[in-house]
Structures are given as C-alpha cells and as structure tokens.
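Thank you all for making time this morning. I would like to walk you through one model, and I ask you to keep the sequence and the picture in view while I talk.

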Amino acid sequence: MNLVQQIDGLNAEPWIGAEFRTSRFRPIFVGHSHYEEGFGGQPVGPGLTRAAIELHIGETVGLRFYSGLIQMATGLHHAYVDRGAFYARIGFANLLQTYLDAARMAADPADLAADSAALVAVFEAVDPTHIVLLGDQVWDGFEQPGHFVADGRRGDPYWAGRIAGRPVFWASHPSSGFSGLDWARTFGHFLRDHGMSNADLAAWADAVRLRPDSTLLEGPS
C-alpha cells in the first residue's frame, strides 16, 4: 500500500508491520518528526520512516527514543524484546510531514496542526485498534484543529480520548528522563480500559519476547 500517493499532504510512508493487519492488537505510535540529515545516513523522502525502523530492527542503531517506545509498549526491557517481532505487529508514523534541521528543534504548531489531517487519513486506511501520541506537541497537533475528542480522563490516571473513532493514549516523548517500564503500567491501564484483557496483554508480550535457546544445549556433545 503506497499511502503517500493516496493521501494528500502525506510525505513519508508510515511503517506498517507485516503482521499488523492480522493482529488483534494493532497499535500505531505517532512521533514528532524526522531531521534533515536523515536517519542513519538515509536520504530524506517517502521511505525515510521505513528505513529508520529497518535500521533499528537490524540493531545498527540504538536510539533512546525507540528503546523507550519498546519498553512502554511491552513492559519488557528492550534487551529482552525481539525487535523484528515487535515491529511486525505495530504501526509508526511521524506527525510533521516536513523535515527539521536537527534534533530537539520545535516545529511550528501550525505546521503540526496542518499535517494532522494526513495522519487521520492514515488511521482510517490502516485501521489501528489504539493510537499512541508521543509528546505534548503531537497531542496538541491533533487537538488544535479538532481531530481529537477527549474522554474526560486528561491527567488522571492517564490522558485519553478518540481520533477517527479510535481510542487514543498520550505519553511523554521517549527521550531523556523517560522511563518506558514505568509508562508501561499506565499504558496497560489504558489498554484494559479500552478493549484489551489481561490475557490479551500477556499474549502480546509473549509474542514479542526473545526466546533464546537454552545454554544447556551449547558446547560439545
């Protein structure tokens, strides 16, 4: 599916894992932006988001952002998560559809709000069960133009609402000071309140957990 050609204003193809569409739990995570230099030397363009995820799966890069995201989404330390299995089951996109010059820059709120319509169209096309907005600027980018409908839980025990009829969770940006394992408890609370059972969450964690062979089988026979 080439969504860039189908959706007005979408410049970067979202990452949609190979098993996303057939999974019961289909979360899509929305970050802030890419940077002008590209990720891992990749050129900017429609394939940059996919290239960024593929580099992370291959462990040629190890950004705090992605490690924190994995830990929040699974409740497992990132070292114990099979990245390939994890990314096969999720979606990921950045809200800003232009590129910032460098990390830690703030986008113009008007640009984020203008680009939110393209992401709403992505949600409608790929049909996630849950949407996760990473950071205040991403939340505001959907809320300011009216795409976001709050459900009265802003602040305690979590911030939530709906976009395109789908439940939305807010988390702080997975960067310095972010504890993914702490956030996982709050995320799990949200998921149990929005259609996921404990058995569902256990199955999700088990599906992405690394299963190394026993060291009893190593060495000469």
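Let me begin with a question: which backbone nitrogen lies 3.1 Å from a polar atom of the side chain of Thr 74? In this model, which is a predicted one, it is the backbone nitrogen of Leu 76. The side chain of Thr 74 also reaches the backbone oxygen of Ile 70, at a distance of 2.8 Å. Thr 74 itself lies in helix H3, and it counts as buried because its relative accessibility is 10%, where the cut-off for buried is under 20%.

Thr 74 has plenty of company in that respect, since H3 is mostly covered, with 10 of its 11 residues buried. Among the buried residues of H3 are Phe 65, Tyr 66, Leu 69, Ile 70 and Met 72, along with Thr 74. Just after H3 comes Gly 75, which takes a positive phi of about 70°.

From Thr 74 we can move to the second largest pocket, which holds about 170 Å³ of space. This pocket is lined by 13 residues, and those closest to its centre are Thr 74, Ala 184, Gly 188, Arg 192 and Leu 201. At least two lining residues are supplied by each of three helices, namely helix H3 (64-74), helix H7 (180-193) and helix H8 (198-208). The largest share, 5 residues, comes from H7. In character, the lining of this second largest pocket divides into 8 nonpolar residues, 4 polar ones and 1 charged one.

Let us stay with H8 for a moment and ask which of its residues are buried. They are Asp 200, Leu 201, Trp 204, Ala 205 and Val 208. These buried residues sit on the same side of H8, because they cover an arc of only 130° around the axis. As a general reminder, an α-helix has 3.6 residues a turn, so residues three or four places apart point the same way. On the other side of H8, Asn 198 and Ala 199 are exposed.

Next, the aromatic residues, for which the count comes to 20 aromatic pairs. One of these pairs is formed by Phe 178 and Trp 183, which are stacked, with 6.1 Å from centre to centre and 10° between the planes. Phe 178 and Trp 183 are both buried, and both belong to one aromatic cluster that also includes Phe 29, Trp 139, Tyr 158 and Phe 187.

There is also enclosed space to consider, and a search of the whole structure finds 1 cavity of 30 Å³ or more. The largest cavity has a volume of about 50 Å³, and the residues that line it include Asn 11, His 34, Thr 49, Gln 97 and Tyr 99. Its lining divides into 3 nonpolar residues and 6 polar ones, with no charged residue.

Finally, let me turn to Asn 2, which is found in the segment before helix H1 (3-6). Is Asn 2 buried, partly exposed or exposed? Asn 2 is partly exposed, because its relative accessible area is 35%, which falls between the cut-offs of 20% and 50%. A polar atom of the Asn 2 side chain lies 3.3 Å from the backbone nitrogen of Val 4. Asn 2 and Pro 14, which are 12 residues apart in sequence, are 9.3 Å apart in space, C-alpha to C-alpha.

Methods: Residues are numbered from 1 along each chain as its sequence is written. This is a predicted model: local features need pLDDT of at least 70, side-chain atom pairs count only at pLDDT 80 or more; totals for chains, interfaces and linings use all residues. Side-chain values use heavy atoms; hydrogens and water are left out. Helices (H or I, at least four residues) and strands (E, at least two) are DSSP runs, numbered from the N terminus. Buried means under 20% relative accessible area, exposed over 50%, partly exposed in between (1.4 Å probe, protein chains only). A polar contact is a pair of N or O atoms within 3.5 Å; within protein, one must be able to donate a hydrogen and the other to accept it, and residues adjacent in sequence count only if both atoms are side-chain atoms. On a 1 Å grid over the protein atoms alone, a cavity is a set of points where a 1.4 Å probe fits but cannot get out, and a pocket is an open set with protein on both sides within 12 Å along at least five of seven lines; lining residues have an atom within 4 Å of a point. Grid points are joined across faces, edges and corners, and a volume is the space filled by probe spheres set on the points. Ala, Val, Leu, Ile, Met, Phe, Trp, Tyr, Cys and Pro count as nonpolar, Asp, Glu, Lys and Arg as charged, and the others, Gly among them, as polar. Rings of Phe, Tyr and Trp (its six-membered ring) pair if their centres lie within 6.5 Å; planes under 30 degrees apart count as stacked, over 60 as edge-to-face and the rest as tilted. The arc is that of the directions from the helix axis to the C-beta atoms.
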